[in-house]
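Student: Please take me slowly through one residue and its surroundings, and then set that residue within the whole chain and its empty spaces. I would like each term explained where it comes up.

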Amino acid sequence: MELPPFTRKVNPEVPRLGVSTCHFVKMAATLREKQAAALRRMLNFNAPITKASSNEPQWKILVYDRFGQDIISPLLTVKELRDLGVTLHLNLHSDRDTIPDVPVIYFVMPTDDNVQRICRDFENQLYESYYLNFISAISRQKLEDIASASIQYSCVAQVSKIYDQYLNFISLEDDLFTLRHQDRDAISYYALNRGDVKDTEMEAIMDMIVDSLFSVFVTLGVVPIIRSARGNAAEMVAEKLDKKLRENVRDARNSLFTADSAPGQFSFQRPLLVLLDRNLDLATMLHHTWTYQALAHDVLDLKLNRVEIEESTNVQSPAGSPRPMKKKKSYDLNTNDKFWHIQKGSPFPTVAEAVQEELDAYRTQEDKVKSLKAAMGIEGEDDSAISMLSDNTAKLTSAVNSLPELLEKKRLIDMHTNIATALLEQVKTRKLDIYFECEEKLMSKSVQDKSLMELIADPEAGTPNDKVRLFTIALICGPHMSEAEIDQYCVALTEAGCDISPVQYVRRWKAYAKMTAAPSQYGGGGISSTGMFANLVSKGSQFVMEGVKNLVVKRHNLPATRIVDALMELKSYQDVEDYRYFDPKLLRADSSSVPRNKSPFQEAFVFVVGGGNYIEYQNLVDYAKSKSLTSPKKIWYGCSDLVNASLFLKQLGHLGKEI
């Protein structure tokens, strides 16, 4: 069959020439920026964005699937899409009307269902011209199916371009990415560890993960050096990724990486990719946390940088009396929000104090504008009247000019006040500060103030899930327990209304797993309580912090961070001695490859197969910060999916029931 005259192209954001690659590396520093730049370019019909195209963009329709939606959502707002000329954005599988005069840009995975739906759009002549962008590389067979459909429905001329975008990952922060959100069950901890998983299913999961990691490095234009432990899912990913990168590097005509591409983003050295298996450390996934972002994820289920909270408002009843009504409100937490950027890794009490300070500063500013207006005799007047006043009112004019900025500041302060209030309510009702303190002490082998049994038996302290999480951490990190003791705790947990199937799974896991994360690995922490919240005790505070401990945590490295530190600094650390080494740039893959680099790494990607969370991410961020003066490091954290403790506990429960 003769193919029509359209051809498949590669994402133009991907570096192709040695010269342009260096330029590419300097242009955008972070993975998030590069992915956003690739999306903007895609929405400009894969042409570079010029001044003219940004001033007068061509109108178009954007059609995406669930994967495309999850990738775009944290990177581009609806306003930004509008500025790029997107008048309408629709799901591929929704009922869409014919809009004959407008071009359409598709951003979808190359699945059979999606390809069939695109062919149906050709049949129904829905749009003027079609620009097909596939999140991952489309196979030759599916490309031929599209070609056949375009010939069959006489729309060859309308199919303008087909691109492989290699954007199969979700960037949430400059240094944080995940692979899946809506379809994450397919690559979850449960999917990888269930007893009846078939070899073919395991192979498919590995291929999904490898495809996404390949996209990450194509987007960055670098080939990493890979290290992984032996005998687990991470090793399988390492082998497959090494093979895929190696084949692409050696294919001179179609390579997405050039021979002389720039090695790292901030150095002349190639980055390290550390592949870890979730079984390395289950305790961190269940840990109650104390930092702002991680608390929002654990307690309020932060998803794709958006948090949803229930707010109570008073509405008038027909009788005229006010009655409380609960409504859900969602907030976007993004990198443009300076307060979020600075405070997301801070302990919750520090955040509450910072919100209060921002609120006080805003009120002072607001009062200044009000008093200036009052002094000018234009209180309550329209702001346009101000422009008619004489020059000596410049002070007032500048104050009013800053009103939009002031209003945006007020919106952000209100947002953080509402989020912090919702968190505080949960901390108090579930006594999360006590759980956090108790778990930190278990993980750092400190003396407990309160016995485990007391907390489990206390009906006022936490939900059944909180109790199971605490006991599971005690089982993994605490002093050795006999089978009889564990049974005793299980009885107490059942009496407290808990589902103990996660505990049964962890008992089995402890017995059979090669304990790579020996309990001693959690050491080095420590916690102290500094008593009262000095700045929040004032009567004007929004936050009533009585009864909540102001806990100060001593910085310590979690198991993942310790391994990363050992591999980046080339330390001889017992747990990494057996780690495999892969260099996709070497001509021949050799399983006995020994590390060749003699100088410590400046950049590392840490990827956890089987799920990760914000506690682990924050721990790596803090580690990189602690090194900023002696040997600056840049670390990215990625995971197959970001899972909060309730969801992870549910997965452990499913595994426990299958035993």
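**A tyrosine and its setting**

Tutor: Tyr-127 lies in strand β5, which covers residues 127–134 (helices are DSSP runs of H or I with at least four residues and strands runs of E with at least two, numbered from the N terminus). This is a predicted model, in which local features need pLDDT of at least 70 and side-chain atom pairs pLDDT 80 or more, while totals for chains, interfaces and linings use all residues. Residues are numbered from 1 along each chain as its sequence is written, and side-chain values use heavy atoms, leaving out hydrogens and water.

Tyr-127 counts as buried because its relative accessible area is 3% (buried is under 20%, exposed over 50%, partly exposed in between, with a 1.4 Å probe and protein chains only). Leaving aside residues up to four places away in sequence, Tyr-127 touches Ile-61, Val-63, Leu-90, Arg-96, Asp-97, Ile-99, Pro-100, Val-102, Val-104, Tyr-106 and Asp-121 (a contact means heavy atoms within 4.5 Å). One of these partners, Ile-61, is 66 residues apart from Tyr-127 in sequence, yet their C-alpha atoms are 9.0 Å apart in space. With another, Arg-96, Tyr-127 makes a polar contact of 2.9 Å from side chain to side chain (a pair of N or O atoms within 3.5 Å, one able to donate a hydrogen and the other to accept it, where residues adjacent in sequence count only if both atoms are side-chain atoms).

For the chain as a whole, the secondary structure comes to 24 helices and 17 strands, and buried residues make up 54% of the 659 residues. Among contacts with a separation of 6 or more, 79% join residues 24 or more positions apart.

A second residue to set beside the tyrosine is Gln-343, found in helix α13, residues 338–343. Gln-343 is also buried, because its relative accessibility is 13%, and a polar contact of 2.8 Å joins its side chain to that of Ser-346. Again not counting residues up to four places away in sequence, Gln-343 touches Tyr-292, Thr-350, Val-351 and Ala-354.

Turning to empty space, the largest pocket holds about 1,300 Å³ (on a 1 Å grid, a pocket is an open set of points with protein on both sides within 12 Å along at least five of seven lines, a cavity is a set where a 1.4 Å probe fits but cannot get out, and lining residues have an atom within 4 Å of a point; the volume is that filled by probe spheres set on the points). The largest pocket is lined by 44 residues, of which Arg-306, Val-307, Glu-308, Ser-330 and Asp-332 are the closest to its centre. Several elements give two or more residues to this lining, among them α12 (292–300), β12 (322–332) and α16 (403–430), but β11 gives the most, with seven.

The structure also holds three cavities of 30 Å³ or more. Of the 15 residues lining the largest cavity, His-181, Arg-184, Leu-302, Lys-303 and Leu-642 are the closest to its centre, and the space inside the largest cavity is about 110 Å³. The second largest cavity has a volume of about 50 Å³, and its lining includes Met-285, His-287, Arg-469 and Asn-613. Helix α12, already named for the largest pocket, gives the most to the lining of the second largest cavity, with three residues.
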